[in-house]
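Please look through the sequence and the model first, and then read the report that follows, which moves from single residues to whole sheets and back.

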Amino acid sequence: MAGTLYTYPENFRAYKVLIAAQYSGESVKVASDFVFGETNRSEAFLSKFPFGKVPAFETKDGKYLTESNAIAYFVANEQLRGTNDFYRAEVQSFLSFADNELLPAVQSWTFPIIGIVPYNKNNVERAKEELRRTLTVLNNRLLKQTFLVGERITLADIVVFATLLHAYEFVLDPSFRAPFGSVTRWFTTVMNQPQVKAVVKTPTLCAKAAQADPKKYAEFQAKVSGTPASVDKKKEKKEKKPAAEEKENVAEQPDAADELIAAEPKQNDPFETLPKGTFNFDDFKRFYSNEDEAKSIPYFWTKFDPANYSIWYGEYKYPEELTKVFMSCNLITGMFQRLDKMRKQSFASVCLFGEDNNSTISGVWVWRGQDLAFKLSPDWQVDYEVYDWKKLDANSEETKKLVAQYFSWSGADKNGRKFNQGKIFK
């Protein structure tokens, strides 16, 4: 019977369904007119699939299914589902294992590389250890058998293979996978099956673990969110949105809503090791948000404590790579998100000057301490190296002019590009 599968291209979850259909001979048509973010938000789609998630499946006789494992089970044959009660139970066990044990670790490590979520060092390191643990379990099982359940491929193999696909492509380099020879042997056996090759482009096993690139996250944000409207500074300041509300919404990104990353352990504030001065960030941020620059900039200088706080100028190193203005602005937003825990003892005004294909990013930052603050925590070191940093003399007239320009969002950069828009880190 089968029917129509709704998905976006190269969705590893959809691969489960399509591979199962190849084995069972069921006819599964992929909807050619599906556009993620549009089709799945339409009234017609939501009337069938209320959560708007994909993959989603419509049978030929008008029934509806969601969740990739359930759809794969529906289109599978008896061999894939398990040929006896015990095998069927084992297949279900491995489907749960893939979703609950493997997938959170794989996504936590690979999603920052693909650009779906921002990089977090603690999450990635935790994911590596979890993946070592789960791959050890798989390796021990596969030491004595070719496939996970019985003597032939089942849904257990298909689902676990699809779940590990991004890991083998992007991060499981030879040194990491060396202890798991049986898993790699199994993985390559599955990927070379004709039914699998008919669906998945044969992956190249990772030679060197890929690294997270903040620009990819910005590009992904632009793709799923669309072009953001120009920021009205006065409106932004008066609204005084909490930091949590300023973050970009990632809930509707492909698969990102299903990511199961463990909560971060509580950490001490890295700034606490530095002397406390008299400058009160909360007080200044409130004043800056509620008053015009004619008052807020002089207020800053009357309150600023140069003995215990410092002012820095940061300029993006690679302006030649900046194309669309909205994508460049997403670079700024992404950096702010990854520095969220820096907000309490920091403030910045970062501006974009110029226009599409001719722009620069630079900003004035203020934080507690006299040294480059990003070095205080590994979690803050994702983006700062793509900027040139210069500590400013708080007593110089040049610094006061620069602070006034960036805090008031005005003027032009050193090459004459006019102010386009800015973002405040507070």
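## Backbone, sheets and two loops

Glu10 counts as exposed, because its relative accessibility is 66%, where exposed means over 50% relative accessible area, buried means under 20%, and partly exposed lies in between (1.4 Å probe, protein chains only). The model is predicted, and for this reason local features need pLDDT of at least 70 and side-chain atom pairs count only at pLDDT 80 or more, whereas totals for chains, interfaces and linings use all residues. Residues are numbered from 1 along each chain as its sequence is written, and side-chain values use heavy atoms, with hydrogens and water left out.

Taken as a whole, the protein has 17 helices and nine strands; helices (H or I, at least four residues) and strands (E, at least two) are DSSP runs, numbered from the N terminus. Of the 426 residues in the protein, 50% are buried. Among contacts between residues at least 6 apart in sequence, 77% join residues at least 24 apart, a contact being heavy atoms within 4.5 Å.

**Backbone angles in the loops**

Most residues other than glycine have a negative phi, and most peptide bonds are trans. Glu10, in the loop between β1 and α1 (12-24), has a positive phi although it is not a glycine. Glu67 also has a positive phi, and its place is the loop between β4 and α3; with a relative accessible area of 48%, Glu67 is partly exposed. The peptide bond from Val54 to Pro55 is cis, and Pro55 sits in the loop between α2 (43-48) and β3.

| Place | Angle |
|---|---|
| Glu10 | phi of about 60° |
| Glu67 | phi near 75° |
| Val54 to Pro55 | omega near 5° |

**The sheet of four strands**

Strands of a sheet pair through backbone hydrogen bonds, either parallel or antiparallel. Here two strands are said to pair if DSSP finds at least two bridges between them. An open sheet of four strands runs in the order β2-β1-β3-β4, and its pairing is mixed. Its edge strands are β2 (28-30) and β4 (64-66), each of which pairs on one side only. Neighbouring strands of this sheet are turned by 25° against each other on average, direction ignored; axes are lines fitted to C-alpha atoms, for helices over the stretch in contact, and angles run from 0 to 180 degrees between N-to-C directions. Strand β1 (residues 3-6) pairs with β2 in the parallel sense over three bridges, and in β2 the bridge partner of Thr4 is Lys29. Helix α3 (residues 68-75) lies across β1, β2, β3 (56-59) and β4, and runs at about 130° to β4.

**The sheet of five strands**

Another open sheet has five strands in the order β8-β5-β7-β6-β9, with antiparallel pairing. Because β8 (387-392) and β9 stand at the edges, each with a single partner strand, one side of each is left without a neighbour in the sheet. From one strand to the next, the twist averages 20°. Strand β5 (residues 309-316) pairs with β8 over six bridges in the antiparallel sense, and Ile311 has Leu392 as its bridge partner in β8. At the other edge, strand β6 (residues 346-355) and β9 are antiparallel and joined over six bridges, with Ile424 in β9 as the bridge partner of Ser349. Strand β9 (residues 419-425) is mostly covered, since five of its seven residues are buried. Helix α14 (residues 281-290) lies across β5, β6, β7 (358-368) and β9, running at about 40° to β6.

**Two residues in loops**

Which side chain of opposite charge is nearest to the buried Asp173? This is Arg177, 6.2 Å away, and Asp173 has no salt bridge, which would be a side-chain nitrogen of Lys or Arg within 4 Å of a carboxyl oxygen of Asp or Glu. For such charges, Lys and Arg count as positive and Asp and Glu as negative, while His and the chain ends are not counted. Asp173 is in the loop between α7 (155-170) and α8 (174-177), and a polar atom of its side chain lies 2.9 Å from the backbone nitrogen of Phe176. Leaving aside neighbours within four places in sequence, Asp173 is in contact with Cys206, Ala207, Lys208 and Ala209.

Asn192 is in the loop between α9 (181-191) and α10 (194-197) and is partly exposed, with a relative accessible area of 40%. Not counting residues up to four places away in sequence, Asn192 touches Lys197 and Thr202.

Methods
A polar contact is a pair of N or O atoms within 3.5 Å; within protein, one must be able to donate a hydrogen and the other to accept it, and residues adjacent in sequence count only if both atoms are side-chain atoms.
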